[in-house]
Amino acid sequence: MSSPLDLPFAVHPRLETERLILREIVESDAEALFAVCSDDEWLRLWGAPVHKTVADTRKMIGMLKRAHQEGSQLRWGISVRGSDHLIGAAGFFRFLTPHYRAEITYEQAKTASGKGYMTEALRAVVRFGFEQLDLHTIEAGIDPEHGPSLRVAERVGFQREGYLRENYFFQGKFYDTILCTMFSPKPAQRPYNK
C-alpha cells in the first residue's frame, strides 16, 4: 500500500462530474468567490467570518494556495460545465495523516442551492479522498441549526456519529456540532486489518 495522503500534488487535481468542474481556485476567481463568502445571512453558520471585501477573499485564496503547497488542505472551486464562474468550493481542510482521516468543508452561493450541485460535488470529492488519497474516514462537523448542510452530507452518505456540545467558539459564542462520518468502502485493504 502506498503511504497515506501523498500530499501535496505537484499539479492541483481537476475533478469532473456530469454537470460540474472542480478545479483549483485562482486569483481571478476572487469576485465570484466573494459573492459566495460575503453573504452574511446565508453563511451565518459557516464557522468563519464572512468576507467584507474582495481583499478578504483574495487573502483566503492566497491561504488556500499556501495550504495546498504545504499539503495541509486540498480545496476545489466548483463551476457548472460551460461556465468558469465559481458557484462554491469544497474540499479537505484538515488531514490526520497517521489515522488516514480528513475533514471536509463546503460552501456554495445561495443562488446555486436547491439544484443538487453540492451533493454532486461532494460525491466527487469523497470519491477522490477514498480512491486517490487512500483515506479511511472522512468527517464533517455541522452546526445543528444548519439543516441544508446536514441534508447534503447525509445524501452523500455521511452518517451522524455524535453530538458535541459547545465545542466550537466563534465570535464570542460557543456552538454545538453534529459530527458526521463516512468510511472507505474498502476497509479490508487497510494495513491494520492484516
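Here is a short tour of one sheet, the helices around it and a single glutamine.

This is a predicted model, so keep that in mind as you look around.

**The sheet**

Let's start with the strands. Eight of them, 8 strands in total, form an open sheet with mixed pairing, and the order across it is S1-S2-S3-S4-S5-S6-S8-S7. At the edges sit strand S1 (15–16) and S7, each of which pairs on one side only.

Here are three of the strand pairs, with one facing couple of residues for each.

| Strand pair | Sense | Bridges | Facing residues |
|---|---|---|---|
| S1 and S2 (residues 20–23) | antiparallel | 2 bridges | glutamate 16 and isoleucine 21 |
| S4 and S5 | antiparallel | 8 bridges | glycine 88 and glutamine 108 |
| S5 and S6 (residues 137–142) | parallel | 3 bridges | arginine 101 and threonine 137 |

Take a look at S4 and S5. They make a hairpin, with 4 residues between the two strands. In that turn you'll find tyrosine 100, whose phi is positive at about 55°. How much of S5 is buried? Mostly covered is the answer, since 7 of its 8 residues are buried.

**The helices**

Helix H1 (residues 30–37) lies across two strands, S4 (86–96) and S5 (101–108), and runs at about 80° to S4.

Now for a pair of helices. Two packed helices are described by the angle between their axes and the distance between the axes. For helix H3 (residues 117–131) and helix H4 (residues 147–156), the angle is about 50° and the axes are 9 Å apart. That angle is why H3 counts as oblique to H4. The crossing of H3 past H4 is right-handed. Which residues make the contact? From H3 come Met118, Thr119, Leu122, Arg123 and Val126, while H4 supplies Val152, Arg155 and Val156. Sorted by type, the residues of this contact are 5 nonpolar, 1 polar and 2 charged.

**Zooming in on glutamine 159**

Finally, let's visit one residue. Glutamine 159 belongs to strand S7 (residues 159–170), which is one of the edge strands of the sheet. Is glutamine 159 buried or exposed? Its relative accessibility is 52%, so glutamine 159 counts as exposed, the cut-off being over 50%. Which residues does glutamine 159 touch, once neighbours within four places in sequence are left aside? Its contacts are Leu179, Cys180 and Thr181. Glutamate 139 is 20 residues away from glutamine 159 in sequence, and their C-alpha atoms are 9.2 Å apart in space.

How values were computed:
Residues are numbered from 1 along each chain as its sequence is written. This is a predicted model: local features need pLDDT of at least 70, side-chain atom pairs count only at pLDDT 80 or more; totals for chains, interfaces and linings use all residues. Side-chain values use heavy atoms; hydrogens and water are left out. Buried means under 20% relative accessible area, exposed over 50%, partly exposed in between (1.4 Å probe, protein chains only). Contact means heavy atoms within 4.5 Å. Two strands pair if DSSP finds at least two bridges between them. Axes are lines fitted to C-alpha atoms, for helices over the stretch in contact, and angles run from 0 to 180 degrees between N-to-C directions. Angles under 35 degrees count as roughly parallel, over 145 as roughly antiparallel, 65 to 115 as roughly perpendicular and the rest as oblique. A crossing is left-handed if the near helix is turned anticlockwise from the far one by less than a right angle, and right-handed if clockwise. Ala, Val, Leu, Ile, Met, Phe, Trp, Tyr, Cys and Pro count as nonpolar, Asp, Glu, Lys and Arg as charged, and the others, Gly among them, as polar.
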